[in-house]
Amino acid sequence: MKKSIQLLTFSLAILVLIGCGGGASFDAAQAGTQDADMQAFLKEQGLYSKATKTPSGIYYIMEKEGEGAHPTPADNITAHYHGTLLNGNVFDSSVERGVPFKFQLGRVIKGWQEAMGMMKPGGKGKFVIPSALAYGERGAGASIPPNSPLVFDIELLDPTEAARQEAEAAKKAQAAALEQATKDDVIIKNHLSKIGLEGKTQRTDSGIYYTIAKEGKGKNPTISDKVKVHYHGMLLDGTVFDSSVDRGTPAEFPLNGVVKGWQEAVPLLKPGGKGTFYIPSTLCYGSRSTGKIPANSVLVFDVELFEVK
């Protein structure tokens, strides 16, 4: 049964780094041309004389050595990074988000495994990584074209600093979520008033507004259940971003594998029940955009629960 990607939960890890790293089959001419481009970049930045080249083709400058043991692929580490193409275009940056990236070293691209394996906690470095050790001929999304060398400024945080920054980032995120939730509540109330539903909906403690069109019978699902539903997902302006109804095929999924708003909304129904849910952005995709869903978007779902498994 096909499931819509719109409903699945997203990892907070930086997806552009995770997955099958590298392995591109470059011939000598391609590798030579790319190496020349990397050298030209370093010369333009006044860094060529300071750079060291590894046998695999990574150029690096260790700006701060750090202390302790070098991480291994099995280690879970925390780092800040800023990633650009050779032309300076930023494709990903934990620095700009203000949230350090925690991950297992063996699960990121090969270039990162090698680069960070040369670092020690507290260390900082710049790495220019050939595409064969990054995303090769396939590239990664719209931001990283095929056969693109990548430039990373990386700081490997020591455990104490990592814990401090993670706690600070969590505190900021909590404050931002509270502020956004307040904005979302006003937006939902204004929308309900506009469509003639003011005072005709119920509200959960978390801020979901809903109406039940049909009660249904039986047991309400729990977070541990798998459910079969039809749904129609819209933005407040009526834009449809996802719909099992339009596809003509109900969706089946475990409730613990979808966004928090759905984990709370669907259990308000019983089998055979139908409802409409106005879900704050903080219980859906928050400040990140996905597909047709802009950042900080309140989402509207018409849901019919067929079965609890």
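The chain exposes about 15600 Å² of surface, and carbon and sulfur atoms supply 52% of that area. This figure belongs to a predicted model, in which buried residues make up 43% of the 309 residues in the chain. Along its principal axes the C-alpha trace spans about 70 × 40 × 35 Å, and the secondary structure comes to 6 helices and 14 strands. Of the contacts with a sequence separation of 6 or more, 70% are accounted for by residues 24 or more positions apart. As for charge, there are 34 positive and 33 negative side chains, and the centres of the two sets lie 5 Å apart.

A suitable element with which to enter the fold is helix 4, which covers residues 159–194 and has 36 residues. At 1.5 Å a residue this helix should span 52 Å, and because its end C-alpha atoms are 51 Å apart, the model agrees with that expectation. At the start of helix 4, a side-chain oxygen of Asp-158 reaches to within 3.1 Å of the backbone nitrogen of Thr-160, while just after the helix Gly-196 takes a positive phi of about 80°.

The buried residues of helix 4 are Ala-162, Gln-165, Ala-169, Gln-180, Asp-184, Asp-185, Ile-188, His-191 and Leu-192, a list in which Asp, Gln and His appear beside Ala, Ile and Leu. What covers these residues includes strand 3 (76–84), strand 8 (202–203), strand 9 (209–214) and strand 13 (274–279).

Asp-185 gives a closer view of this helix, in which it has its place. Asp-185 counts as buried because its relative accessible area is 14%, which falls under the 20% limit. Not counting residues up to four places away in sequence, Asp-185 touches Arg-203 and Tyr-209, and these two positions fall within strand 8 (202–203) and strand 9 (209–214), both of which are among the elements covering the buried residues of the helix. By contrast, the C-alpha atoms of Asp-185 and Gln-104, which are 81 residues apart along the chain, are separated by 38 Å.

His-191, another buried residue of helix 4, leads on to Leu-236, which it touches. Leu-236 is found in the loop between strand 10 (226–235) and strand 11 (240–243), and it counts as partly exposed because its relative accessibility is 25%. Besides His-191, Leu-236 touches Ile-187, Val-298 and Val-300, again not counting residues up to four places away in sequence. The C-alpha atoms of Leu-236 and Gly-117, 119 residues apart along the chain, are separated by 47 Å.

The next site to consider is Lys-126, which is found in strand 6. What does the model give as the relative accessibility of Lys-126, and does the residue count as buried or exposed? The value is 16%, and therefore Lys-126 counts as buried. A polar contact of 2.8 Å joins the side chains of Lys-126 and Asp-153. Leaving aside neighbours within four places in sequence, Lys-126 is in contact with Leu-47, Tyr-59, Tyr-60, Ile-61, Glu-63, Val-151, Phe-152 and Asp-153.

Tyr-59, one of those contacts of Lys-126, is also in contact with Gln-39, a residue found in helix 1 (residues 28–44). Gln-39 is in contact with Tyr-48 as well, and a polar contact of 2.7 Å joins the side chains of Gln-39 and Asp-35.

The loops offer some backbone detail to follow. Asn-147 lies in the loop between strand 6 (124–129) and strand 7 (150–156), and its phi is near 60°, a positive value in a residue other than glycine. With a relative accessibility of 32%, Asn-147 counts as partly exposed. Asn-296, in the loop between strand 13 and strand 14 (299–308), likewise has a positive phi, here of about 55°, although it is not a glycine. Asn-296 is partly exposed, with a relative accessible area of 33%.

Pro-250, finally, has its place in the loop between helix 5 (244–247) and strand 12 (251–254). With a relative accessible area of 18%, Pro-250 is buried. Pro-250 and Tyr-231 are 19 residues apart in sequence and 7.8 Å apart in space, C-alpha to C-alpha.

Note on methods:
Residues are numbered from 1 along each chain as its sequence is written. Side-chain values use heavy atoms; hydrogens and water are left out. Helices (H or I, at least four residues) and strands (E, at least two) are DSSP runs, numbered from the N terminus. Buried means under 20% relative accessible area, exposed over 50%, partly exposed in between (1.4 Å probe, protein chains only). Contact means heavy atoms within 4.5 Å. Accessible areas come from the Shrake-Rupley method with a 1.4 Å probe; for residues, only the protein chains shown count as cover. Lys and Arg count as positive and Asp and Glu as negative; His and the chain ends are not counted. The place of a charge is taken as NZ of Lys, CZ of Arg, CG of Asp or CD of Glu. The expected span of a helix is 1.5 Å times one less than its number of residues. A polar contact is a pair of N or O atoms within 3.5 Å; within protein, one must be able to donate a hydrogen and the other to accept it, and residues adjacent in sequence count only if both atoms are side-chain atoms.
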